[in-house]
Amino acid sequence: MDHDDAAPDALGHERAEEPAEDPIAAEARALLSEIEAELAAVSAALDRLEAGGYGTCEICGAPIADEALAADPAASRCSVHR
Ligand SMILES: [Zn+2]
């Protein structure tokens with residue numbers, strides 16, 4: 001595995017013209033973006049935990065139901081604003 005992606009492209013251009021993507025790579029990419037979204041949600045939840053807003057709806061400020069938080073600990077909205 002080559003983890004050089006932090007460095008600029010050695011050829012100085014975007015690799016936009018790759019051949020049709022390997023379906024496994026496409027699946028891995030989709031999974032990765034899912035995980036990144038989840039990570040962002042958890043990270044935002046941790047911020048709210050620190051700031052004191054955890055467990056309340058970011059729209060109306062109502063407390064989020066325990067079962068909703070149990071299902072998704074990173075939930076940021078009540079059942080009305082989901
Ligand atoms: Zn709400």
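Gly61 counts as exposed, because its C-beta neighbours inside 10 Å number 9 and the cut-off for exposed is 12 or fewer. This is a predicted model. Gly61 sits in the loop between H1 and H2. Ser76 lies 15 residues away from Gly61 along the chain, and the two C-alpha atoms are 9.7 Å apart.

Ser76 also gives a link to helix H1. Arg48 belongs to that helix. In sequence, Arg48 and Ser76 are 28 residues apart. In space, their C-alpha atoms are separated by 8.9 Å. Arg48 has 16 C-beta neighbours inside 10 Å, so Arg48 is classed as partly exposed. That class lies between the exposed limit of 12 or fewer and the buried limit of 20 or more. Setting aside residues up to four places away in sequence, Arg48 touches Gly53 and Tyr54.

Now take helix H1 as a whole. H1 runs over residues 23-51, which makes 29 residues. Why does its end-to-end distance agree with its length? At 1.5 Å a residue, the expected span is 42 Å, and the end C-alpha atoms are 42 Å apart, so the two values agree. The expected value comes from multiplying 1.5 Å by one less than the number of residues. H1 is hardly covered. Of its 29 residues, the count that are buried is zero. Just after H1 comes Gly52, with a positive phi of about 95 degrees.

Next, the segment after helix H2. H2 covers 66-71, and His81 is placed in the segment that follows. Is His81 buried or exposed? His81 is exposed, because 12 other C-beta atoms lie within 10 Å, and a residue with 12 or fewer is put in that class. His81 still has partners back along the chain. Leaving out neighbours within four places in sequence, His81 is in contact with Cys57, Ile59 and Cys60. For Ile59, the C-alpha distance to His81 is 7.0 Å, with their positions 22 residues apart along the chain.

What does the whole chain look like in these terms? The chain contains two helices and zero strands. Buried residues make up 2% of its 82 residues. Consider the contacts between residues at least 6 apart in sequence. Of these, 21% join residues at least 24 apart. The low count of buried residues in H1, zero of 29, sits alongside that chain figure of 2%.

Technical notes: Residues are numbered from 1 along each chain as its sequence is written. This is a predicted model: local features need pLDDT of at least 70, side-chain atom pairs count only at pLDDT 80 or more; totals for chains, interfaces and linings use all residues. Helices (H or I, at least four residues) and strands (E, at least two) are DSSP runs, numbered from the N terminus. Two residues are in contact if their C-beta atoms, placed from the backbone, lie within 7 Å.
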